[in-house]
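Got your viewer open and a selection tool ready? Let's walk through this one stop at a time.

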Amino acid sequence: MKLHQEANAPKPEREGIPEGLWLRCPECGDMLFRKVVEEALNVCPGCQYHFRISASVRVEQLCDPGTFEARYTNVQPVDPIGFTDKKTYADRLKDEQRKTGNSDAVICGRGFIKGRPIMLAVMDPTFMMGSMGSVVGEKITRTIEDAIAEKLPVLVVSCSGGARMQESTLSLMQMAKTSAALARLDDAKLPFISLLADPTTGGVTASFAMLGDFIIAEPKALIGFAGPRTIWNTIKVELPEGFQRSEFLKEHGFVDFVVHRKDLRSEIARLVDYTGTSDEQ
């Protein structure tokens with residue numbers, strides 16, 4: 001049996017089958033028709049595995065059609081420390097921007113969810129695994145500050161590998177910056193809804209992601225500071241079954257709700273109504 005293909009060998013042709021028409025579910029292994037998965041909000045129709053989605057797709061799924069107004073699109077990342085690893089950080093940024101069409105790993109703005117006005121920041125796992133650098137921290141902070149000025153609730157969708165190492169300490173500073181902004185939001189008595197998607201790890205988990213008045217997680221999302229492999233490689237501890245998954249964290253009081261993607265709009269609208277914020281608009 002042939003177990004691998006040489007890099008320079010020609011790829012077999014599949015006549016009549018367009019590229020990307022099918023995809024395999026990483027949870028149950030089923031081959032799925034891509035259009036069916038997309039119509040199900042990028043959830044496997046069999047095992048209900050929640051596929052990772054880009055920030056633009058997330059915004060489209062959450063916001064009422066035509067209501068999202070992007071902000072801070074002129075905020076661009078730089079290479080503050082001249083980081084180089086095989087390629088320069090500046091070149092890596094350009095590659096990611098071409099691939100995603102976004103300036104960095106978060107999309108921010110104002111929108112409506114089931115008629116409720118809200119400020120939202122949505123992290124993008126397709127841009128350097130949603131890592132948090134200076135631009136991500138700045139845009140999330142501006143989102144919170146605008147929410148205070150406009151007396152709106154805040155929704156942040158976290159999907160990130162953590163702080164961006166290519167920006168060193170500057171990326172870690174965003175943990176304090178975003179947390180301080182959320183403290184001001186709390187002083188203004190405005191709600192913060194934190195939605196955790198797979199994965200939410202590192203400095204993002206250790207800062208704004210776990211500071212929500214309401215913390216929602218998608219099913220089976222990986223949530224924690226260090227991932228299971230890092231923990232094993234560091235302290236050689238075998239983790240319990242399901243450790244750092246949404247359901248485990250809810251059971252232990254770190255997450256308030258585990259919500260299926262198809263129910264997120266209704267749940268967020270319900271929480272906004274519960275706080276009375278929408279009544280003030």
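Begin with α4, residues 134-150. Its buried residues are Val135, Val136, Gly137, Lys139, Ile140, Thr141, Thr143, Ile144 and Ala147. Keep in mind as you look around that this is a predicted model.

**Stop 1: around α4**

With α4 still selected, try the distance tool on its ends. The helix has 17 residues and reaches 24 Å from its first C-alpha to its last, close to the 24 Å expected at 1.5 Å a residue.

Now show what sits over those buried residues: the cover includes β6 (106-113), β7, β8 and α5.

Then step just past the end of the helix to Lys151, which follows α4 and has a positive phi, near 55 degrees.

Next, go to the loop between β7 (116-123) and α4 and pick Met129. This residue is not a glycine, yet its phi is positive, about 50 degrees. Is it buried, exposed or something in between? Met129 counts as partly exposed, at 29% relative accessibility.

**Stop 2: along α5**

Select residues 168-187, which make up helix α5. How far apart should its ends be? With 20 residues at 1.5 Å each step, the expected span is 28 Å, and the end C-alpha atoms are 31 Å apart, which agrees.

Color Ser171, Gln174, Thr178, Ala181, Leu182 and Leu185: these are the buried residues of α5. They cover an arc of only 100 degrees around the axis, so they lie on the same side of α5. If you wonder how residues spread along a helix can do that, an α-helix has 3.6 residues a turn, so residues three or four places apart point the same way.

Turn to the other side of α5 and you'll meet Ala176 and Asp187, which are exposed. Turn back again and bring up the neighbors: what covers the buried residues of α5 includes α4, β8 (154-160) and β9 (192-200).

**Stop 3: from α5 into β9**

Leave the helix and move into the loop between α5 and β9, where Lys189 is found. Check its backbone: phi is near 60 degrees, a positive value in a residue other than glycine. Lys189 is exposed, with a relative accessible area of 74%.

Carry on to Pro199, which has its place in strand β9. Which kind of peptide bond leads into it from Asp198? That bond is cis, with omega near -5 degrees.

**Stop 4: the four cysteines**

Now jump to residues 25-47, the stretch covered by the UniProt annotation "zinc finger region: C4-type" (an unreviewed entry). Its end C-alpha atoms lie 9 Å apart, and the span is 26% helix and 13% strand.

Within it, show the side chains of Cys25, Cys28, Cys44 and Cys47, which UniProt lists under "binding site", again in an unreviewed entry. Although spread over 23 residues of sequence, they cluster in space, with a largest C-alpha distance of 8.8 Å.

Are there disulfides here, and how many turn up in the whole structure? A search finds zero. Cys28 is in no disulfide, and the nearest cysteine sulfur, that of Cys25, is 3.6 Å away. Likewise, the sulfur of Cys44 is 3.7 Å from the closest cysteine sulfur, in Cys47, which is too far for a bond, because a disulfide needs the two sulfurs within 2.5 Å.

Switch on a surface and compare these residues one by one:

- Cys28 is partly exposed, with a relative accessible area of 33%.
- Cys44 is buried, with a relative accessible area of 1%.
- Cys47 counts as partly exposed, at 28% relative accessibility.

Zoom in on Cys44, in the loop between α1 (34-39) and α2 (55-62). Leaving aside residues up to four places away in sequence, Cys44 touches Cys25, Cys28, Leu32, Tyr49 and Phe51. Cys47 is also found in the loop between α1 and α2. With the same neighbors in sequence left out, up to four places away, Cys47 touches Cys25, Glu27 and Cys28.

**Last stop: color by confidence**

Finish by coloring the model by pLDDT. The protein averages 92, and 92% of the residues score at least 70. Then select residues 1-14, where the pLDDT is below 50. Beyond near neighbors in sequence, this stretch has four contacts in the model.

Key
Residues are numbered from 1 along each chain as its sequence is written. This is a predicted model: local features need pLDDT of at least 70, side-chain atom pairs count only at pLDDT 80 or more; totals for chains, interfaces and linings use all residues. Side-chain values use heavy atoms; hydrogens and water are left out. Helices (H or I, at least four residues) and strands (E, at least two) are DSSP runs, numbered from the N terminus. The expected span of a helix is 1.5 Å times one less than its number of residues. Buried means under 20% relative accessible area, exposed over 50%, partly exposed in between (1.4 Å probe, protein chains only). The arc is that of the directions from the helix axis to the C-beta atoms. Contact means heavy atoms within 4.5 Å. UniProt positions are given in the numbering used here, feature names are shortened, and annotations may be inferred rather than shown by experiment. pLDDT is the predictor's confidence in each residue, from 0 to 100.
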